[in-house]
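This briefing introduces a single protein chain to a reader who has not met it before. Please look through the sequence and the structure shown here, and then read the points below beside them.

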Amino acid sequence: MLDTTFTFNATGVGGQSEILSDAFKRYTGIILRSPAKDRGTRLGSGAIGSVHVNVATNNQSLTIDTDQSYNLTVASPAVQIEAFTVFGALNGLETLSQQLRALVLDSYPHSPRRPPPPPPPAARV
């Protein structure tokens, strides 16, 4: 579940990037509109109150060689995204928003419109 005081925080050399600030505004809207906000979905053992993003460099040029890797750690009450560039941080934010939506979809009760998944196929001997 998302805490009612859910926020994004940026640190590191690249934490003051305008690209990152714009992404926080965009993802705040995406995540707070997510059913995770209303459905009581939990990541880990409790509500998520914040996302801390640490960007190691202030390089904002995007080329074929730009490092877009990130580490995403979910440990309630905070999510931590570590990235070398702002573009890695953006990838981490996108993954987080997708995971929130996936957790909510998996938490819906099964109904006639959404039957349970079929059992796995039997092993052949």
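Two strands are said to pair if DSSP finds at least two bridges between them. By that rule strand 3, residues 70–75, pairs with strand 4, since six bridges join the two. The structure is a predicted model, and its chain has 125 residues, of which 33% are buried.

**Overall layout**

- Three helices and four strands make up the regular elements of the chain.
- Read from the N terminus, these elements follow the order β-α-α-β-β-β-α.
- Among contacts with a separation of 6 or more, 73% are between residues 24 or more positions apart.

**Strand pairing**

- Strand 3 and strand 4 run antiparallel, and they form a hairpin with two residues between them.
- Within this pairing, A75 has A78 in strand 4 as its bridge partner.
- Strand 4 is also joined to strand 2 by six bridges, and here the two strands run parallel.
- Two of the partnerships with strand 4 are that of V51 with V79 and that of S50 with A78.
- A78 is thus named as a bridge partner both for A75 and for S50.
- Strand 2 is largely enclosed by the rest of the structure, because six of its eight residues are buried.

**The nonpolar core**

- The largest nonpolar core contains 21 residues, and those with the most contacts inside it are F8, L20, V51, V53 and L93.
- Two or more residues each are given to this core by strand 1 (2–11), helix 1 (18–33), strand 2 (48–55), strand 4 (78–83) and helix 3 (86–107).
- Helix 3 supplies the largest share, seven residues.
- L93 is in contact with F8, L20, A23, F24, Y27, V51, V53 and I81, when its neighbours within four places in sequence are left aside.

**The aromatic pair**

- Across the whole structure, a search finds one aromatic pair.
- The pair consists of F8 and F24, which are stacked, with 4.9 Å from centre to centre and 10 degrees between the planes.
- It links distant parts of the chain, as F8 belongs to strand 1 and F24 to helix 1, 16 residues apart.
- F8 counts as buried because its relative accessibility is 12%, below the 20% limit.
- F24 is likewise buried, with a relative accessible area of 12%.

**An exposed residue of helix 1**

- K25 lies in helix 1.
- Its relative accessibility is 63%, over the 50% cut-off, so K25 counts as exposed.
- The C-alpha atoms of K25 and F8 are 9.1 Å apart in space, while the two residues are 17 apart in sequence.

**Two buried residues outside the strands**

- G88 lies in helix 3 and is buried, with a relative accessible area of 0%.
- Not counting residues up to four places away in sequence, G88 touches D67, Q68, S69, Y70 and A83.
- From C-alpha to C-alpha, G88 and Y70 are 5.2 Å apart, although 18 residues separate them in sequence.
- S17 is found in the loop between strand 1 and helix 1, and at 4% relative accessibility S17 counts as buried.
- The side chain of S17 reaches the backbone nitrogen of I19 at 3.1 Å.
- Beyond four places in sequence, S17 touches Q60 and V86.

**Confidence in the model**

- The mean pLDDT of the chain is 79, and 66% of its residues reach 70 or more.
- Confidence is highest in strand 4, at a mean of 93, and lowest in helix 2 (residues 35–39), at a mean of 50.
- Over residues 39–45 pLDDT stays under 50, and the model has 20 contacts beyond four places in sequence for this stretch.
- Where pLDDT is low, the predicted coordinates should not be read in detail.

Definitions and conventions: Residues numbered from 1 in each chain as written. Predicted model: local features only at pLDDT ≥ 70, side-chain atom pairs only at ≥ 80, totals over all residues. Heavy atoms only, no water. Core = buried A, V, L, I, M, F, W, Y, C linked by side-chain atoms within 4.5 Å. Buried < 20%, exposed > 50% of the residue type's maximum accessible area, 1.4 Å probe, protein only. Contact = heavy atoms within 4.5 Å. Phe/Tyr/Trp six-rings, centres within 6.5 Å; stacked < 30°, edge-to-face > 60°. Polar contact = N/O pair within 3.5 Å; in protein donor to acceptor, adjacent residues only side chain to side chain. pLDDT = per-residue confidence, 0-100.
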